[in-house]
Amino acid sequence: MSTAQPPAAAGSATSADGTTIGYRRAGDGPGVVLVHGGGQSSQNLMTLAAALSDRFTVYVPDRRGRGMSGPCREDHGLRAETEDLSAILDRTRAHNVFGLSVGALIAIEAARTLPAITRLAVYEPPLEFDGITQTAWLPRYERELAAGRPAAALVTIMKGTADRTAFRLVPRFLLTGPLGHVMRKTEGRPVPDGMVSPRDLIPTMHYDARTVLDATGALNRFAGLSCDVLLLGGSRSARNLTAPLDGLSAVLPRARRVTLPGTGHTAADNSGKPELVAAQLQAFFS
């Protein structure tokens, strides 16, 4: 199984409202679409794509507001995200979908209405239900972003979505200062075509939070899913991010549940343990 990132071709689809959704493509075989999470773009899942490319044609779209795709509209939310994924599936004729975090939430919501999805793997979708909240960090983040404090806003995101590790105990000022210094030092620096700077991803979390809030509700709405489902999570992930997997296991008794040891919420990211995620996806999508 290869882990070196292969050359990725570019392609695009046109969503229902005319917005271009660009994607990276690698490998050969049955189609698999990888939907990235919040604070990410397609580039974050390319190590995972490489690990799958020996057996599959892997499509990794940039969600709106990132890289090769068009901007978010002011009313952007779950409906647009579902339409964007539908456009990708129509364009690629893929039937296998993997989503990470908010990408997982989008994918499982899309599977309710898109028969093109026949196999669905989700990694910790941040669903809000029965008092479980995923967006407690949102008000502070919005205030800091509006005040022109992107480093502080990023720290708020990081702490609000952190795994069950000592990172949660690190004082904010020890993080905000160094991050602010890096942002100021790199501001205005050119970014390679198709890539997205971490600074430019900070505002996209506003739309991701709206997408999460749009999906609030009882999990029994997923009981009618007709596709095969794989529920993935990490042993180090926070309780609010593993709770949706527990809830989905109850309403999807035929779904397979797998907890990856020693991993957290971003295991599928280039910087996580994508090889562990790839091993599960190889078996599930084959």
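This passage describes the packing of helices α4, α5 and α8 in a predicted model, and then two residues with positive phi. Residues are numbered from 1 along each chain as its sequence is written, and side-chain values use heavy atoms, with hydrogens and water left out. Because the model is predicted, local features need pLDDT of at least 70 and side-chain atom pairs count only at pLDDT 80 or more, whereas totals for chains, interfaces and linings use all residues.

Helices here are DSSP runs of H or I with at least four residues, and strands are runs of E with at least two, both numbered from the N terminus. In helix α5 (residues 150-160), nine of the 11 residues are buried (under 20% relative accessible area, with a 1.4 Å probe and protein chains only), so α5 is largely enclosed by the rest of the structure. The buried residues of α5 are Pro150, Ala151, Ala152, Ala153, Leu154, Val155, Thr156, Ile157 and Lys159, and what covers them includes α4, α6 (172-186), α7 (198-201) and α8.

Helices α4 and α5 pack with their axes, which are lines fitted to C-alpha atoms over the stretch in contact, 8 Å apart and at an angle of about 165 degrees, on a scale from 0 to 180 degrees between N-to-C directions. The two helices are therefore roughly antiparallel (an angle over 145 degrees). Contact, meaning heavy atoms within 4.5 Å, is made by Arg140, Tyr141, Glu144 and Leu145 of α4 with Ala152, Ala153, Thr156 and Ile157 of α5. By class, this contact has five nonpolar, one polar and two charged residues.

Helix α4 (residues 138-146) also packs against helix α8 (residues 204-214), where the axes come within 11 Å and cross at roughly 155 degrees. That angle makes α4 roughly antiparallel to α8. On the α4 side, Leu138, Tyr141 and Glu142 meet Thr204, Met205, His206, Ala209 and Leu213 of α8, and the residues of this contact divide into five nonpolar, two polar and one charged. Tyr141 thus takes part in the contact with α5 and in that with α8.

Most residues other than glycine have a negative phi. Arginine 93, with phi near 65 degrees, lies in the loop between α2 (78-92) and β5 (96-100), and is exposed (over 50%), with a relative accessible area of 63%. Serine 101, with phi near 55 degrees, is found in the loop between β5 and α3 (102-111), but this serine is buried, with a relative accessible area of 10%.

Methods: Parallel < 35°, antiparallel > 145°, perpendicular 65-115°, else oblique. Nonpolar A, V, L, I, M, F, W, Y, C, P; charged D, E, K, R; others polar.
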